[in-house]
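Here is a predicted model with its sequence. The questions below ask how its labels are justified.

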Amino acid sequence: MTPVSSPSPHGQSPLHTVQVLGGGNAGSSAHVRSLAAGLVARGVKVTVCAPLEAARTYDFAGVGADHVHVPRSSDPASVTALRAACADADLVHAHGLHASFRTALALSGRHVPFVVTWHNRAHAEGARAHLLRLLERRVAKAATVVLGTTSYLVDLARRTGARDARLAAVALPRPRRTDDPDGPEGRRAKVRAEIGAMDRPLLMAAGALDGHRGYDVLLDASHAWRRLDPAPLVAVAGEGPLRGDFQGRIEREGLPVRLLGRRDDLTDLLAAADLALLPGSRESRSVLAQEALHARVPLVAADAGGIRELVGDAAELVPHGEPEALARAVVRLLEDPARREVLSARAARQAAEWPTEDETVAQVLSVYDELTQPRPLI
């Protein structure tokens, strides 16, 4: 069933929404594309304000949305460009803290419904952490409605001054897999051969190679796996500023880890894996965790961010920042096929409870209608 927005009165233009994205992570960017596609299909005019690189990667125009280039910075030129793009909007929806702050500046003095989605909480240390908390309060108070992707984010929005904060978990767009003449098993074998894991367990991780994903913990834990026979191979899909540092450690310490670089075939990589690893992430709805559960691949994850709310009992959760606990959990699972089967079955059940893209669009559209439809006089 595809809900449709309340029709515009005869002779009036359709609802025009502006979606503001600051460049964002993979989850928020994919969500904006999915949301844009669903809104356009329901007769809503959509403009996406995002950097050119995000538009190239996610092809917002390909789903019927207009794209306006707005750099990630909050300098006067970017704010002016965003203000112009929002000039005739019926509603503006910003995604992420920095995009939301920039939008609040652009909408200053205007009375237009302003919706904010918090996908994750921005983290920093020292003076920058204090600045981020100030931005959170400014955005929470400026927004008409704050949508949080987890209960924690909803509570945070309320504590920081939001007038209206609601839970709105976003759906992970399901990828369209390329047909392989050899079938799923043939594709699995090809991927494992490419990575070099034909005769050994394959452990899969993915995400930007930065200081917030727990890869230092993963490399520490991999020391323990060298003693297994056969020793599993850890494959990491992603690029980032710490690639050189991580590669240096791998070579110096002889770790069974391979950095694959940026990949666009995470679904196939996970389908070829024996286990998925999330050593540390502040994502509220981790893309890797969702992909792993959809693929029914047993997941070992650090208990951080919104992971527990996302996966329930369908993954092995270990204390955040403890490589020994991560190492032990992986060894236990590799030695216990029955436990892996249990987690696989739970993964399918848990994934089936997540909202679909259609349900996500319908929920957001109901908020739009609530904020833009005229209310009868009493």
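**Labels and their cut-offs**

Q: Why does glutamate 253 count as partly exposed?
A: Glutamate 253 has a relative accessible area of 25%. Buried means under 20%, exposed over 50%, and partly exposed in between, with a 1.4 Å probe and protein chains only. The value falls between the two limits, so glutamate 253 is partly exposed.

Q: What are these values based on, and how are residues numbered?
A: The model is predicted: local features need pLDDT of at least 70 and side-chain atom pairs count only at pLDDT 80 or more, while totals for chains, interfaces and linings use all residues. Residues are numbered from 1 along each chain as its sequence is written, and side-chain values use heavy atoms, leaving out hydrogens and water.

Q: What makes the contact of glutamate 253 with arginine 249 a salt bridge?
A: Their closest N and O atoms are 3.0 Å apart. The definition asks for a side-chain nitrogen of Lys or Arg within 4 Å of a carboxyl oxygen of Asp or Glu, so the pair qualifies. Both residues sit in helix 9 (residues 243–253), four residues apart, so about one helical turn separates them; helices (H or I, at least four residues) and strands (E, at least two) are DSSP runs, numbered from the N terminus. Arginine 249, at 17% relative accessibility, counts as buried.

Q: How do you know that arginine 346 and aspartate 313 form a salt bridge, and which parts of the chain does the pair link?
A: The N to O distance is 3.9 Å, which satisfies the salt-bridge limit. Arginine 346 belongs to helix 14 (residues 337–353), whereas aspartate 313 is in the loop between helix 12 (307–311) and strand 13 (316–318), so the pair, 33 residues apart, links distant parts of the chain. Arginine 346, at 25%, is partly exposed, and so is aspartate 313, at 36%.

Q: Which residues are joined into one network by salt bridges, and how many salt bridges are there in the structure?
A: Bridges that share partners join Arg187, Glu194, Arg263, Asp265 and Asp268. The structure holds 19 salt bridges.

Q: Why is arginine 102 said to have no salt bridge?
A: The nearest side chain of opposite charge, aspartate 75, is 7.2 Å away, so the salt-bridge limit is not met. For this search Lys and Arg count as positive and Asp and Glu as negative, with His and the chain ends not counted. Arginine 102 is nevertheless buried, and is found in helix 4 (residues 97–106).

Q: Why is tyrosine 215 with phenylalanine 246 called edge-to-face, while tyrosine 58 with phenylalanine 60 is called stacked?
A: Rings of Phe, Tyr and Trp (its six-membered ring) pair if their centres lie within 6.5 Å; planes under 30 degrees apart count as stacked, over 60 as edge-to-face and the rest as tilted. Tyrosine 58 and phenylalanine 60 have centres 6.4 Å apart and planes at 20°, hence stacked. Tyrosine 215 and phenylalanine 246 have centres 5.9 Å apart and planes at 80°, so that pair is edge-to-face. The second pair links helix 8 (residues 215–225) with helix 9, its members 31 residues apart. Tyrosine 215, at 4%, is buried, as is phenylalanine 246, at 9%.

Q: What makes a set of residues a nonpolar core, and which residues touch the most other members of the largest one?
A: A nonpolar core is a set of buried Ala, Val, Leu, Ile, Met, Phe, Trp, Tyr and Cys residues joined through side-chain atoms within 4.5 Å. The largest has 34 residues, and Ile195, Met204, Leu299 and Val311 touch the most other members. Helix 11 (residues 287–294) gives the largest share of this core, five residues.

Q: How do you know that helix 11 is largely enclosed by the rest of the structure?
A: Seven of its eight residues are buried, so the conclusion follows. Gln290 and Glu291 are among the buried ones.
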